[in-house]
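This explanation leads the reader through the interior of a protein structure and then to its cysteines. The sequence and the model should be kept in view throughout.

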Amino acid sequence: MTINDAEQVVLLDKNLKPSGVADKAEVHTGETPLHLAFSCHISDAEGRVLVTRRALGKRTWPGVWTNSACGHPAPGEEMADAVRRRVRYELGLELEDLKLVLPDFRYRAVDASGIVENEFCPVYTALAVGEPDPRDDEVAEYRWVRPSDLQAAATAAPWAFSPWIVLQLQALEQLG
């Protein structure tokens, strides 16, 4: 994909089968159709997890703390390749030990501006190779935190986090 190509998302039908594509810039509205996405929770060698604060210019949930990275696979792109591509783009990181941990995660949420996220969003974990060098238009700031501290913060103040990380942390906690 070149810099001038519009990023495409894969639309899904009610059975989670691909049903078309749409421009990412146009799909997130007050009536966002179900589409394919992914989330990744990245850890370091010390076992800390990387949390990011979404850039203030983001269309949905600007300035909100969330998981390490998330995005959308391009039509026909393997999900693991999409995760690696997006993490490299957003955070300047390479990944090791990429694992699918929540294959059936799905959510729908509405932000304060009325824009809807409606995603089938498999969740991955991975280990970071190096330190993040995030893009300013994607990440306002980041922190490495202990998983127990992140869980406590998201439980105590879920309104300070993206709805998807709150739900993902609950699901990951249930996995043990």
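The paragraphs below treat the nonpolar cores and then the question of disulfides in this predicted model.

The largest nonpolar core holds 23 residues, and those that touch the most other members are Cys40, Ile42, Val83, Val87, Leu91 and Leu95. Two or more residues of this core come from each of the strands β1 (8-12), β4 (38-43), β8 (94-102), β11 (123-129) and β12 (139-145), and also from the helix α2 (79-91). The largest share belongs to α2, which gives five residues.

Val87 offers a closer view of this core. Beyond its neighbours within four places in sequence, Val87 is in contact with Ile42, Ala69, Gly92, Leu93 and Leu95. Apart from this core there is a second, separate one of twelve residues, with Trp61, Ala109, Cys121 and Trp164 among them.

The cysteines may be considered next. A disulfide is a covalent bond between the sulfur atoms of two cysteines. The structure holds zero disulfides. Cys70 is in no disulfide, and the nearest cysteine sulfur to it, that of Cys121, is 6.8 Å away. Because a disulfide requires the two sulfur atoms to lie within 2.5 Å, this distance of 6.8 Å leaves Cys70 and Cys121 unpaired. For Cys121, in turn, the nearest cysteine sulfur is that of Cys70.

Are these two cysteines buried or exposed? Cys70 has a relative accessible area of 18%, so it counts as buried, the limit being under 20%. Cys121 is also buried, at 1% relative accessibility.

Notes: Residues are numbered from 1 along each chain as its sequence is written. This is a predicted model: local features need pLDDT of at least 70, side-chain atom pairs count only at pLDDT 80 or more; totals for chains, interfaces and linings use all residues. Side-chain values use heavy atoms; hydrogens and water are left out. A nonpolar core is a set of buried Ala, Val, Leu, Ile, Met, Phe, Trp, Tyr and Cys residues joined through side-chain atoms within 4.5 Å. Buried means under 20% relative accessible area, exposed over 50%, partly exposed in between (1.4 Å probe, protein chains only). Helices (H or I, at least four residues) and strands (E, at least two) are DSSP runs, numbered from the N terminus. Contact means heavy atoms within 4.5 Å.
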